[in-house]
Each structure stands twice: as C-alpha cells, then as structure tokens.
Amino acid sequence: MKSAPEIESETVLRLMGFLIRSVRKEAAKELGALGMNQMDFMVLKMLSDRSLPPVTIASELGVSRAAVTQVTRKLEGEDLVRREQVKDDRRIALFRLTEKGASALRSAQRVYHACLMRRLGRVSAEDIVVLRRLLEKVV
C-alpha cells in the first residue's frame, strides 16, 4: 500500500502533466494561426539568447538532427532564423534568431502566456507566486 506522501507526489505529478499538456494543446491551435507549431516555437525560444549549432538544438530538445534540419530549413525560409558559418571551422553552422524571428517568438510567447493564464485564472496572484517558488525549489 502506498503512503500518503507517495500518493500526493503522484497526484502532483499527474496534475502538472495535465496542466502542461492542456496548455500545449490549446497553444498549438493558436500557434497554427501564426503559421507556427510547437517545434518551431521551441527552436525559436532556444535561439532567443544565443546562437546554436543543429547538434546542440537536437540534443537539448531530444530530437534527431534530421528533425532539426527540417525545422531550421522552414524557419530559415521564413526569415525567422539565419544560418552563419563559424569563422574558424566552416563545417560548423550556427543558427541565430533574426529580428523577424524575435517578433514571431514574442507573439508565440503571448499565446502561451494567455493559454496559461486562462488555466490559472481562478488562482490568486499570491498563489501564483507561491507556485512559482515551489517549482523553483524542485526544478
């Protein structure tokens, strides 16, 4: 028989998973209206503060390099990211966000924020601060 803390931890995990899945599902519909999908958003988010090679993007997202190639080609074609060769090693390409990509990322972040706030609408501002602090302790 499971102890109370085990049952509670499983419940917390289940609820967190439900929250994440529901926000992603709702956001996916709205991202589609922006011509973007979840993977596009994740790549743009990764590139928001640094330039990265495809292998690092793939590793951090837990996807194949082929998947990253497909996404970066699409994003490059839409002028959301730019490919740059490393000066010391021309074999290595880095991707960085363009101004248009930064703007698209801000739009996508607003979508995610709105979706999350619809879920947290019944929660007080104080409780949201407490939730953030608790999550920071475990992450």
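What radius of gyration does the protein have, and what would a compact globule of 139 residues have?

**View 1. Overall dimensions of the predicted model.** The protein has a radius of gyration of 18 Å, whereas a compact globule of 139 residues would come out near 14 Å. Taken along the principal axes, a box of roughly 60 × 35 × 25 Å holds the C-alpha atoms.

**View 2. The order of helices and strands along the protein.** Here you can pick out six helices and two strands. Starting at the N terminus, the elements follow the order α-α-α-α-β-β-α-α. Take contacts between residues at least 6 apart in sequence: 53% of them join residues at least 24 apart.

**View 3. Strands β1 and β2, joined by bridges.** Strand β1 covers residues 81-85 and runs antiparallel to β2, with five bridges joining the two. Look for Glu84, which stands opposite Leu94 in β2.

**View 4. The two faces of strand β2.** In a regular strand, side chains alternate between the two faces of the sheet. Strand β2 (residues 93-97) shows this alternation: Ala93, Phe95 and Leu97 point to one face and are buried. Leu94 and Arg96 point to the other face and are not buried. Leu94 is also the residue that Glu84 stands opposite.

**View 5. Surface and charges of the protein.** Of the 139 residues, 27% are buried. The protein exposes about 9700 Å², and carbon and sulfur atoms supply 57% of that area. As for charges, there are 26 positive and 18 negative ones, and their mean positions lie 3 Å apart.

Technical notes. Residues numbered from 1 in each chain as written. Predicted model: local features only at pLDDT ≥ 70, side-chain atom pairs only at ≥ 80, totals over all residues. Heavy atoms only, no water. Helix = DSSP H or I, 4+ residues; strand = E, 2+ residues; numbered from the N terminus. Rg over C-alpha atoms; globule rule 2.2 N^0.38 Å. Buried < 20%, exposed > 50% of the residue type's maximum accessible area, 1.4 Å probe, protein only. Contact = heavy atoms within 4.5 Å. Areas by Shrake-Rupley, 256 points an atom, 1.4 Å probe, with all protein chains shown as cover. Lys, Arg positive; Asp, Glu negative; His and termini not counted. Charge placed at Lys NZ, Arg CZ, Asp CG, Glu CD. Pairing = 2+ DSSP bridges.
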